[in-house]
Amino acid sequence: MCAMNKPIYIIGHKNPDTDSIAAAISYEYLKSQVENGVYIASRCGNISSETQYVLDRFEFQAPRFIGDVRTQVRDMEMRRIRGVPESMSLKDAWTIMKENKVVTLCITEDKLLKALITTGDIMESYMGSYEANTLSDAKTKYRSIVETLDGEMLVGNPEDVQTEGKVMIGAGTPDAMEERIKPHDIVILGDRYESHLCAIEMDADCIIVCAAAKVTESIKKLAKEKGCRVITTPHDTFTVARLIYQSMPIRYFMKSSDLVTFHMDDYIEDILPIMASTRHRYFPVVDAAGRYKGMVSRRNFLGASKKKVILVDHNEKSQAVNGVESADLLEIIDHHRLGTINTSKPVYFRNQPVGCTCTIIYQMFMDEEIDIPKDIAGLMLSAIISDTLLFRSPTCTAVDRAAGKRLAEIAEVDPEELATEMFKAGSNLGSKTPVDILHQDYKRFNMGDHSVSIGQISTMDSNEVEHIKSVMLPELDALRERDQVDMLFFMITNILKESSVVLFSGKTAELVLEAGFSVTSKDHQSVELPGVVSRKKQMLPTISNTIQIG
């Protein structure tokens, strides 16, 4: 994918709620309608039961999971030089390297990376002094010999492999040759008929006739009878003696152990030390299954493009996907307080005091005069219902109500009925663990020297409030320690009664709640907060202000 078509990931906060997921999906649709580009709705956490119900009802798949947006090897330009078979000759490998201006080739089998060969390996093979039997030790195929010598096989099968014997130059008289030639040898010859005859009679496996000399029919016939191959080449004897060892397969020189390879999903910052500690210029890249994908060099790292990201429903670094500080942040669409996201350049930032991010995106649809599909409308309506607790939350505005009403008309959905089913799905604990329950709608905040997390679950059934409380209270201290926060608050919100029972853990959590909300905890584990239903507009500001004053 070229740089201009790099995907842009639209992603909500960790532990995504319905608004976070719906905003990513609906904004992906809007962006794809008004701008060129590849937009991908994403998430950086698990889907809650409430959100899954909404996705299923309106027939959407969960957005793609992305746990980290740091630059990866897959974000780099790669040299897409094909893998080569281990049977390839040294000469052909050298030619490919020269044509592609690389110093490394990857050797593959069934697309899997098997070994490497470098120009250094080939140069070392050229500079080395070969034993006479090296060609047979390397199990060299005759087709490679023929191609390397620009020759033609007059007798024999090119697919045969030389497995025995040595290479020798057939100089001297036939008597002298008879002393030197042994069975299975490859003999390099000139145009002398008696030399051809002698080599064949001495059971040579192959004769190579140089300088395009004529090979008589009687020699061909005799060679065929004796099982001796005949190759003719336009090169002289000296050139053939020099070139023939370049026909050896690269398997004889390749390196298959201790290979330095990278994976497509490796993060650049993790592999830079590896690159710095090796002298290699090119590094093979494989996918998760070990399939060869290409090569990268140090130069490719300089041009690696950052992942492009749009944040929805948050602007707190502690809530953002891992690695956001390393990404190319393009936009933020949010309805929360200003947080701790820093940018290296100006970005499009739309932040409005409304109850739901999807309300803002609804306005953007209206601004662009883009029709909202029925399923998208249902998704956005669900987000507004969830974030405003069916328009009962103090965060709910007239804008949210108007957007919800219009979206309900488009989706042909009864908001009351949808809310009942959503909250029923969200508060149904089923086989969920306390960790699952806490994190299905959970946010972490940094308040000065204090780390604070607030989870919330909503229900329309008073009996469920007590049940959830009984499940969560025994585990709350362990959950706080697990998440490594100073204070943990868990809101169990009764939508119909418009109140919350807040469970807490942490040395000063009880004091913060009692001072902030002017209440007294009867059991030192929980407080009842009539009229408090909003984490964003009631819980968070009160806790933050109390901590600052304290």
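Is tyrosine 252 buried, exposed or partly exposed, and at what relative accessibility? Keep that in mind as you read these notes on the model, which is a predicted one.

1. Let's answer the opening question. Tyrosine 252 has 38% relative accessibility, so this residue counts as partly exposed; the reason is that the partly exposed class runs between 20% and 50%. Phenylalanine 253 has 16% relative accessibility and therefore counts as buried.

2. Now look at how these two rings meet. The count of aromatic pairs comes to three. In one of them, the ring centres of tyrosine 252 and phenylalanine 253 are 5.2 Å apart and the planes stand at 85°, so this pair is edge-to-face. Another ring has a charged companion: arginine 70 lies over the face of tyrosine 267, at 3.9 Å from the ring centre.

3. Next, find the open sheet of three strands, with the order β13-β14-β15 and mixed pairing. Its edge strands, β13 (262-263) and β15 (292-297), each pair on one side only. Strand β14 (residues 282-286) is antiparallel to β15, and five bridges link the two. To see the pairing up close, pick out phenylalanine 283, which stands opposite valine 296 in β15. As general background, strands of a sheet pair through backbone hydrogen bonds, either parallel or antiparallel.

4. Strand β21 deserves a careful look. Eight of its eight residues are buried, so the strand is largely enclosed by the rest of the structure. In a regular strand, side chains alternate between the two faces of the sheet. Here both faces are covered: one side has Met487, Phe489, Met491 and Thr493, the other has Leu488, Phe490, Ile492 and Asn494, and all of them are buried.

5. Which strands pair with β21, and in what sense? β20 runs parallel to β21, joined by eight bridges, and valine 452 stands opposite methionine 487 in β21. β22 pairs with β21 in the antiparallel sense over seven bridges, with valine 501 in β22 as the bridge partner of isoleucine 492. β21 and β22 also form a hairpin, with four residues between them. In that turn, glutamate 498 has a positive phi of about 50°.

6. Helix α21 (residues 535-549) is a good one to trace from end to end. Its 15 residues reach 20 Å from the first C-alpha to the last, close to the 21 Å expected at 1.5 Å a residue. At the start of α21, a side-chain oxygen of serine 534 comes to within 3.3 Å of the backbone nitrogen of lysine 536.

7. Which residues of α21 are buried? They are Arg535, Gln538, Met539, Leu540, Ile543, Ser544, Thr546 and Ile547. An α-helix has 3.6 residues a turn, so residues three or four places apart point the same way. The elements covering the buried residues of α21 include β19 (442-447), β20 (450-459), β21 (487-494), β22 (499-505), α20 (509-517) and β23 (526-530).

8. Finally, visit two buried residues in other helices. Threonine 51 is in helix α2 (residues 49-57), and at 2% relative accessibility this residue counts as buried. Beyond its neighbours within four places in sequence, threonine 51 is in contact with Asp17, Thr18 and Ile21. Serine 386 is in helix α14 (residues 374-388) and is buried, with a relative accessible area of 13%. Setting aside residues up to four places away in sequence, serine 386 touches Thr18, Glu50, Met422 and Phe423. Thr18 is thus a contact of both threonine 51 and serine 386.

Key: Residues are numbered from 1 along each chain as its sequence is written. This is a predicted model: local features need pLDDT of at least 70, side-chain atom pairs count only at pLDDT 80 or more; totals for chains, interfaces and linings use all residues. Side-chain values use heavy atoms; hydrogens and water are left out. Two strands pair if DSSP finds at least two bridges between them. Rings of Phe, Tyr and Trp (its six-membered ring) pair if their centres lie within 6.5 Å; planes under 30 degrees apart count as stacked, over 60 as edge-to-face and the rest as tilted. Buried means under 20% relative accessible area, exposed over 50%, partly exposed in between (1.4 Å probe, protein chains only). A charge sits over a ring if NZ of Lys or CZ of Arg is within 6 Å of the ring centre and within 35 degrees of the ring normal. Contact means heavy atoms within 4.5 Å. The expected span of a helix is 1.5 Å times one less than its number of residues. A polar contact is a pair of N or O atoms within 3.5 Å; within protein, one must be able to donate a hydrogen and the other to accept it, and residues adjacent in sequence count only if both atoms are side-chain atoms.
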